[in-house]
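The questions below go through one protein model, from single residue pairs to the chain as a whole. Each answer gives its reasoning and then the value or name asked for.

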Amino acid sequence: MEKKITRVKQYHCGSSNERSISLIEVKEIHQNLLNQHADISDEIADVVEQNDYVKLAHLLVTRSKIETAINEIESAYQSEFNKQIETNYRISNTLKDAAEKMESKGEKMLLKVTSNLEKLNNSTHTIVTIATALSNKTISKGNQLGHDAGRLLIHKTSEGLSRLATIIQKRS
């Protein structure tokens, strides 16, 4: 734990021989220090109840060191923390705006598709109605022509038979 604090202090002073610490690592160290601070504060409360003042003095010194490290990290990296928060906020807003625009465009597209499908359905219904009416008229006209042709055929056949009968009667 103190090695991490020392490494952070060295990094800020520019005397680090190690690699640079990334912002993610700094955040992890910061969170770890905050957790240790909370643990030591709980332990201090327990030690006060036990009246162990030697241990209390040691814990207070340790807590003071941790608070110093936390304050140094926050002062050194506050602008980076704020930049990252601001960047995350911008990304979040951009994604939210894009989603709203896409939703709006999607709804408009859905309305257009629905409208076009309704028009297609109506057109298809009209075409089927017209085709059915034409088919009905064609079939009706075909039936009428068939009936007329049958009547004409029967009439002509009967006329022909009547003439034939008249000719046969005249010969006899």
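Q: In helix α3, how many residues apart are D148 and R151?

A: The model is a predicted one, in which local features need pLDDT of at least 70, side-chain atom pairs count only at pLDDT 80 or more, and totals for chains, interfaces and linings use all residues. Residues are numbered from 1 along each chain as its sequence is written, and side-chain values use heavy atoms, with hydrogens and water left out. Helices are DSSP runs of H or I with at least four residues, strands are runs of E with at least two, and both are numbered from the N terminus. D148 and R151 are separated by about one helical turn of α3, because their positions differ by 3 residues.

Q: At what N to O distance do the side chains of D148 and R151 meet?

A: Side chains of opposite charge can pair when their charged atoms come close. A salt bridge here is a side-chain nitrogen of Lys or Arg within 4 Å of a carboxyl oxygen of Asp or Glu. D148 and R151 form such a bridge, with an N to O distance of 3.4 Å.

Q: Which is R151, buried or exposed?

A: Buried means under 20% relative accessible area, exposed means over 50%, and partly exposed lies in between, with a 1.4 Å probe and protein chains only. D148 has 31% and is partly exposed. R151 has a relative accessible area of 52%, so R151 is exposed.

Q: Which residue forms a salt bridge with E67?

A: E67 is partly exposed at 33% relative accessibility, and its bridge partner is partly exposed at 26%. The two lie in helix α3, 4 residues apart, about one turn of the helix. The N to O distance is 3.9 Å, and the partner is R63.

Q: How many residues apart in sequence are the parts that K55 and E43 tie together?

A: The side chains of K55 and E43 meet in a salt bridge of 3.8 Å, N to O. K55 lies in helix α3 and E43 in helix α2, so the pair ties together parts that are separated in sequence by 12 residues.

Q: How many salt bridges does a search of the whole structure find?

A: One of them joins K55, partly exposed at 37%, to E43, partly exposed at 32%. The search covers the whole structure, and the number found is 3.

Q: Which residues does H30 touch, not counting residues up to four places away in sequence?

A: H30 is placed in helix α2. Its relative accessible area is 12%, so H30 is buried. With contact meaning heavy atoms within 4.5 Å, the residues touched are I70, I73 and E74.

Q: Which residues form the negative surface patch?

A: Patches are made of residues with over 30% relative accessible area and no salt bridge; like charges are joined within 9 Å, and nonpolar side chains (Val, Leu, Ile, Met, Phe, Trp, Tyr) within 5 Å. Lys and Arg count as positive and Asp and Glu as negative, while His and the chain ends are not counted. The place of a charge is NZ of Lys, CZ of Arg, CG of Asp or CD of Glu. One member lies in helix α2 (residues 23–50), and the patch consists of D39, D42, D46 and E49.

Q: Which residues gather in a patch of positive charge on the surface?

A: K108 belongs to helix α3 (residues 53–171). With a relative accessible area of 53%, K108 is exposed. The gathered residues are K101, K105, K108 and K112.

Q: What is the area of the nonpolar surface patch made by V113, L117 and L120?

A: L120 is in helix α3. Accessible areas come from the Shrake-Rupley method with a 1.4 Å probe, and for residues only the protein chains shown count as cover. For this patch the area is about 290 Å².

Q: Where is N51 found?

A: Phi of N51 is near 60 degrees, a positive value in a residue other than glycine. N51 sits in the loop between α2 and α3.

Q: How many helices does the protein chain have?

A: From the N terminus, the elements run α-α-α. Strands number 0, and helices number 3.
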